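Welcome, and thanks for opening your viewer. Let's take a short walk together, one selection at a time.

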Amino acid sequence: METKQIVIITGAARKTGIGLEAARQLCTLGYKVIITAREIGRAQEAAQILIDEGLDAVPMALDVANEEMVKSVAEEVGQRFGKLDVLINNATEFPDQYRIETAEIADVMKAFESSFFGAWRMIKYFTPLLRKSENPRIVNCSSGSGSLQGEEGEYTLVNPWRDFVSVYSLTKLAINGLTLKAAHDLKDDHILVNAPIPGMTATYDILEKAGGRPVSEGAQSIVYAATLSKGGPTGKHFKDGREVSW
Ligand SMILES: NC(=O)c1ccc[n+]([C@@H]2O[C@H](COP(=O)([O-])OP(=O)(O)OC[C@H]3O[C@@H](n4cnc5c(N)ncnc54)[C@H](OP(=O)(O)O)[C@@H]3O)[C@@H](O)[C@H]2O)c1
């Protein structure tokens, strides 16, 4: 049995993404982090960046839209490490922004396939390994854009960024519901399930130009939820280490 705490992060290979930065911060805290991406080459490249920094990262190929692949990665993690301490559902599809009338339903379904059903699949197949942890945590990366309420001036479902119906924000609304339901279902297993929001973060040029915060700051909300102590909060939304409303 592995002695270090094991984390798996989905969709963590983008160099300017929150996933890779959250992995870096967790490795720095002493965790072993499994960096996953749809293509093994990208996972290896991303993990190597952390390994070159002296950190404990392991690459694996994982497409969360592929049920067989999720199942077989769960088996591999079980065989190699015997448990999982933290599952971070970071993978997200950002489809184009639409109005309801002009949306391509196939694009809407593709976004839900990765962002929502992908997270559900991960929870389904990794829960048996999480039960073997002393302090299991599930982190569903959400976004204020999927919230009904926000702080003054924040973008939410009812105060959207730009005048669009965002498929992305609807996937996050669904993720928030999944988080509440999973937190309830897994309470007796002492698995903490939370949905932190990073705030607008400069992971793409467009977000940088819109005033997004540095990636190192955006990742901190994810790391906060990933490092909660045993018996900590569950079924909550966090930003910058404090609970916020849905
Ligand atoms: N950036 C922000 O302002 C912001 C704000 C609020 C919340 N968030 C949330 O924080 C998380 C990270 O954000 P980010 O901006 O860093 O996102 P990102 O890197 O663009 O997206 C995450 C990754 O998901 C991967 N992905 C998509 N479908 C997948 C699938 N089926 N299987 C595996 N991986 C898949 C993408 O892979 P490819 O690289 O191959 O496309 C991408 O690398 C997301 O959940 C996002 O919703 C971000």
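What volume does the largest cavity have? About 40 Å³, in what is a predicted model. The structure holds one cavity of 30 Å³ or more, so there is a single place to visit on this part of the tour, given that cut-off.

To see the walls, select Thr10, Val64, Asn89, Asn90, Ala91, Ser114, Ser115, Gly118, Ala119 and Met122, which line the largest cavity. Colour them by residue class if you like: the lining of the largest cavity divides into four nonpolar and six polar residues, with no charged ones.

Now show the cartoon and pick out helix α4, residues 105–130. Helix α4 gives the most to the lining of the largest cavity, contributing five residues.

Next stop: the cysteines. How many disulfides does a search of the whole structure find? Zero. Select Cys27 and show its sulfur: the nearest cysteine sulfur belongs to Cys141 and lies 16 Å away. A disulfide needs two cysteine sulfur atoms within 2.5 Å, so at 16 Å Cys27 is in no disulfide. Move on to Cys141 and the view is reversed, as its nearest cysteine sulfur is that of Cys27, 16 Å away; Cys141 is in no disulfide either.

While both are selected, turn on the surface. Is Cys27 buried or exposed? Cys27 has a relative accessible area of 7%, so it is buried. Cys141 counts as buried too, because its relative accessibility is 6%, and buried means under 20%.

Note on methods
Residues are numbered from 1 along each chain as its sequence is written. This is a predicted model: local features need pLDDT of at least 70, side-chain atom pairs count only at pLDDT 80 or more; totals for chains, interfaces and linings use all residues. Side-chain values use heavy atoms; hydrogens and water are left out. Buried means under 20% relative accessible area, exposed over 50%, partly exposed in between (1.4 Å probe, protein chains only). On a 1 Å grid over the protein atoms alone, a cavity is a set of points where a 1.4 Å probe fits but cannot get out, and a pocket is an open set with protein on both sides within 12 Å along at least five of seven lines; lining residues have an atom within 4 Å of a point. Grid points are joined across faces, edges and corners, and a volume is the space filled by probe spheres set on the points. Helices (H or I, at least four residues) and strands (E, at least two) are DSSP runs, numbered from the N terminus. Ala, Val, Leu, Ile, Met, Phe, Trp, Tyr, Cys and Pro count as nonpolar, Asp, Glu, Lys and Arg as charged, and the others, Gly among them, as polar.
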